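Thanks, everyone. Have the structure up on your screens, and I'll walk you through it.

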There are 2 protein chains.
Amino acid sequence: MEIIERKPRNREQTRSGILKTAKAIARREGWQAVSIRKIADAIEYSAPIVYEYFDSKDVLLDEIRNEGFRHLYQEYDRILTLYRDPEKRLFEISLVQWEFARQQPEIYQVMYNLDGALCSLPVHQSESMQAVSRIVCKTIFSFIPKAEESIRRLYFQWWSVSHGMITLAMLLKNEQPIEQSEQVYRETMRRFVRDLR
Amino acid sequence: MEIIERKPRNREQTRSGILKTAKAIARREGWQAVSIRKIADAIEYSAPIVYEYFDSKDVLLDEIRNEGFRHLYQEYDRILTLYRDPEKRLFEISLVQWEFARQQPEIYQVMYNLDGALCSLPVHQSESMQAVSRIVCKTIFSFIPKAEESIRRLYFQWWSVSHGMITLAMLLKNEQPIEQSEQVYRETMRRFVRDLR
DNA sequence: TAATCTCAGTTAACGGTGTTAATTGACTGA
DNA sequence: TCAGTCAATTAACACCGTTAACTGAGATTA
């Protein structure tokens, strides 16, 4: 009886250990250095065990990606409870996006297949990403009540500016200090939000 | 005597054959499918021969990346000879960037380490990329004669918007038609250029 | 008790990767 | 004829994702 109860728990611990280890290696050595065998070594199992938790490396990466989107969703949701002003909301959401990419670059990388991270499962049509899209669209709509088509265009623009600056800031961080990029990011996103009005 | 003349020529042909083959495989199957052995097979040589032309796979990818930046540079330069109006110039440069990513996505991918392409040699401090930076900065300066610092900020903003939209348009192309993304891109870049004034 | 079953976890294997050392074999000059 | 050169090859190393075969300990049953 207690075996039945202990087994799932340990199973869940092992599973999250795999995810945690994959992220740790990626952070330390980059995604190209993440291998099933290395993960297995770190959690003190043999490689085939990993396949009892994830059907393939792709599925493992997809899970980390979805974790990332779910994390973003929660942060965005928190912003909505903290602020009522739609402009403030969208601006703060922009800052959260920057902070996330800054604090957990390895997750941001796998979310967008950057820097050697490659998950071939399609990221669009993933529920977790669509939830993020919806919450940002909702925020934009709440202060620009236009047709859905227009909202999606504005969302595409907001996303592009934010994502573009984040990826280029990462790319150029050795010749353009990240603090400087952040300042430009803040000004640009503030302007974007203001100009929506 | 004729050997000495034929050798360098064939060498150059073989070299460009390697580059061409790498790009062809990447276009067809994605960068994760590009291997030294596959390239060697295609040019009907054994794998170690590739190493007589490129010290490593990284160096090979770096060369393709630089080819891409040099190509962009030439296109930008052509724009400068075609138009005199700075606004028109920057807008046309933006369109060239879009068209380039559209026509040769596999090169755009390796230039920015997207979708499994990974070249670990640092892309900043590459001469070919700096030349591209300079020509765009020059164009911006020619109609906003501010301090170099301000120009670099504007360039960073221009580049971010363009790059962000291009990468997200690629990412979302299965749910948002590319023609629609292109329309938003054109409007956004036109607005960006107009607002510089 | 002895034989069987279950099953978590292992090793071994397949075909692939980047890369390098050792080897072939044809042609050159002495 | 012998040695040297040199383009090109094969073989090897240490990895990779993935799967099949196997081990061995504990539970179940006859």
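**Chain A, its copy, and the DNA**

Start with the surface of chain A. Its accessible area is about 10100 Å², and carbon and sulfur atoms hold 48% of that. Keep in mind that this is a predicted model.

Now the fold. What does chain A contain, helices or strands? It has 9 helices and 0 strands. Follow the sequence and you read α-α-α-α-α-α-α-α-α. The C-alpha trace spans about 60 × 45 × 30 Å along its principal axes.

On to the interior. Chain A has 197 residues, and 53% of them are buried. Take the contacts in chain A with a separation of 6 or more. Of those, 67% are between residues 24 or more positions apart.

Next, the two copies. How does chain A go onto chain B? Turn chain A by 180°, shift it 0.0 Å along the axis, and it lies on chain B with an RMSD of 0.0 Å. The two copies are therefore related as by a two-fold rotation axis. Which residue of chain A comes closest to that axis? That is A:G164, with its C-alpha at 1.8 Å.

Then the interface. Of the interface residues of chain A, 97% are interface residues in chain B as well, so the copies meet through the same surface.

Now the DNA. Look at strand C. It is surrounded by 14 residues. The closest are A:S46, B:S35, B:R37, B:Y51 and B:K57. By class, this surface has 7 nonpolar, 3 polar and 4 charged residues.

Which elements supply it? Two helices each give at least two residues: α3 of chain A, residues 47-50, and α2 of chain B, residues 36-42. The α2 helix of chain B gives the most, with 3 residues.

What part of the strand faces the protein? Count the atoms of DNA strand C within 4 Å of the protein. Sugar or phosphate accounts for 48% of them, and bases for the rest.

Some individual contacts, starting with the phosphates. The side chain of B:S35 places an N or O atom 2.7 Å from a phosphate oxygen of strand C. At B:K57, a polar backbone atom is 2.8 Å from a phosphate oxygen.

Then a base. Which side chain has an N or O atom 3.2 Å from a base nitrogen of strand C? That one is A:R37.

To recap: a chain with 9 helices and 0 strands, a second copy reached by a turn of 180°, and 14 residues around DNA strand C. Thanks for listening.

Key:
Residues are numbered from 1 along each chain as its sequence is written. Chains are lettered from A and ligands numbered from 1 in the order in which they are written. This is a predicted model: local features need pLDDT of at least 70, side-chain atom pairs count only at pLDDT 80 or more; totals for chains, interfaces and linings use all residues. Side-chain values use heavy atoms; hydrogens and water are left out. A residue is near a molecule or strand if one of its heavy atoms lies within 4 Å of it. A polar contact is a pair of N or O atoms within 3.5 Å; within protein, one must be able to donate a hydrogen and the other to accept it, and residues adjacent in sequence count only if both atoms are side-chain atoms. Helices (H or I, at least four residues) and strands (E, at least two) are DSSP runs, numbered from the N terminus. Ala, Val, Leu, Ile, Met, Phe, Trp, Tyr, Cys and Pro count as nonpolar, Asp, Glu, Lys and Arg as charged, and the others, Gly among them, as polar. Buried means under 20% relative accessible area, exposed over 50%, partly exposed in between (1.4 Å probe, protein chains only). Contact means heavy atoms within 4.5 Å. Accessible areas come from the Shrake-Rupley method with a 1.4 Å probe; for residues, only the protein chains shown count as cover. Copies are superposed by least squares on the C-alpha atoms of residues with pLDDT of at least 70 in both.
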